[in-house]
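Grab a pencil and work through these exercises with the structure open beside you. Try each task before you read its solution.

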Amino acid sequence: GDTSGPSVDVHLELDALPCLPGAIECVEQGIFSSLQPANLRLKRAVSNEAFALAHPKYPLLFDPQTAGGLLAAVPSEQATACLDALSSIPGHGSVCVIGTVHGAADASNPSIRCV
């Protein structure tokens, strides 16, 4: 992909992440996909991993079985209209805002901050 665009930091709201029924219970029991360890290499982008590790949803960020769905970045002033439009489509489940995008504090080291 093109990496020449502007550097950004992402603030990810772990409490806002929708989870499939039973997903957190599986994590609590140490049940993970066999592909999850390969995905864990991406945790290096998380700037506050010590905080994130205490959250029950954090391990699900790296689980390939729960990474489906639609993720879109839209301007904040259009978020409500976007959620309303998606919610109006028959068959669509939960729609929500799970974070915000900001200009990178350090352009050479963009990061994800779990909040």
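**Exercise 1. Contacts of a cysteine**

Leaving out residues up to four places away in sequence, which residues does cysteine 114 touch?

*Solution.* A quick reminder before you start: this is a predicted model.
- Step 1. Pick cysteine 114 and skip anything up to four places away in sequence; Leu12, Leu14, Val46 and Asn48 are among the residues it touches.
- Step 2. Keep going, and Phe51, Ala52, Tyr58 and Leu61 complete the set.
- Step 3. Now check the largest nonpolar core, which has nine residues, including Cys114. Leu12, Leu14, Val46, Ala52 and Tyr58 also belong to that core, and the remaining members are Leu17, Phe62 and Ile98.
- Step 4. For background, nonpolar side chains in soluble globular proteins tend to be buried together.

**Exercise 2. Trace the fold and pair the strands**

Work out the order of helices and strands, then find the partners of β1.

*Solution.*
- Step 1. Count the elements: there are four helices and three strands.
- Step 2. Walk along the sequence and you read β-α-α-α-α-β-β.
- Step 3. Take β1, residues 8–12, and set it against β2, residues 99–103: the two run antiparallel and share five bridges. Aspartate 9 sits opposite histidine 102 of β2.
- Step 4. Now try β3, residues 112–114, which pairs with β1 in the parallel sense over three bridges. Here leucine 12 faces cysteine 114 of β3.
- Step 5. Tie this back to Exercise 1: Leu12 and Cys114 are both members of the largest nonpolar core, and they also touch each other.

**Exercise 3. Two serines in one loop**

Compare serine 108 and serine 111: is each one buried or exposed?

*Solution.*
- Step 1. Locate them. Serine 108 is in the loop between β2 and β3, and serine 111 is in the loop between β2 and β3 too.
- Step 2. Serine 108 has a relative accessible area of 66%, so it is exposed.
- Step 3. Serine 111 has a relative accessible area of 16%, so it counts as buried.
- Step 4. See what surrounds serine 111: setting aside neighbours within four places in sequence, it contacts Val8, Asp9, Val10, Ala45 and Ser47.
- Step 5. For serine 108, try a distance instead. Its C-alpha is 32 Å from that of cysteine 19, with the two positions 89 residues apart in sequence terms.

**Exercise 4. Two alanines**

Do the same for alanine 54 and alanine 79: where does each one lie, and is it buried or exposed?

*Solution.*
- Step 1. Alanine 54 lies in the loop between α3 (49–53) and α4 (79–87). Its relative accessibility is 66%, so it counts as exposed.
- Step 2. Alanine 79 belongs to helix α4. It is buried because its relative accessible area is 16%, below the 20% cut-off.
- Step 3. Aside from neighbours within four places in sequence, alanine 79 contacts Val74 and Val97. Alanine 79 and valine 97 are 18 residues apart in sequence, with 7.6 Å from C-alpha to C-alpha.

**Exercise 5. A core isoleucine**

Place isoleucine 98 and list what it touches.

*Solution.*
- Step 1. Isoleucine 98 is in the loop between α4 and β2, and it is one of the residues of the largest nonpolar core.
- Step 2. Not counting residues up to four places away in sequence, isoleucine 98 touches His11, Leu12, Glu13, Ala16, Leu17, Pro18 and Leu71.
- Step 3. Check two C-alpha distances. Alanine 81 is 17 residues away in sequence and 15 Å away in space; alanine 54 is 44 residues away along the chain and 18 Å away.

**Exercise 6. The whole chain**

Finish with an overview of the chain.

*Solution.*
- Step 1. The C-alpha trace spans about 40 × 40 × 25 Å along its principal axes.
- Step 2. Of the 115 residues, 18% count as buried. The chain exposes about 7,900 Å², with carbon and sulfur atoms supplying 59% of that.
- Step 3. Among contacts with a separation of 6 or more, 81% come from residues 24 or more positions apart.
- Step 4. The mean positions of the 5 positive and 11 negative charges are 10 Å apart.

Methods
Residues numbered from 1 in each chain as written. Predicted model: local features only at pLDDT ≥ 70, side-chain atom pairs only at ≥ 80, totals over all residues. Heavy atoms only, no water. Core = buried A, V, L, I, M, F, W, Y, C linked by side-chain atoms within 4.5 Å. Buried < 20%, exposed > 50% of the residue type's maximum accessible area, 1.4 Å probe, protein only. Contact = heavy atoms within 4.5 Å. Pairing = 2+ DSSP bridges. Areas by Shrake-Rupley, 256 points an atom, 1.4 Å probe, with all protein chains shown as cover. Lys, Arg positive; Asp, Glu negative; His and termini not counted. Charge placed at Lys NZ, Arg CZ, Asp CG, Glu CD.
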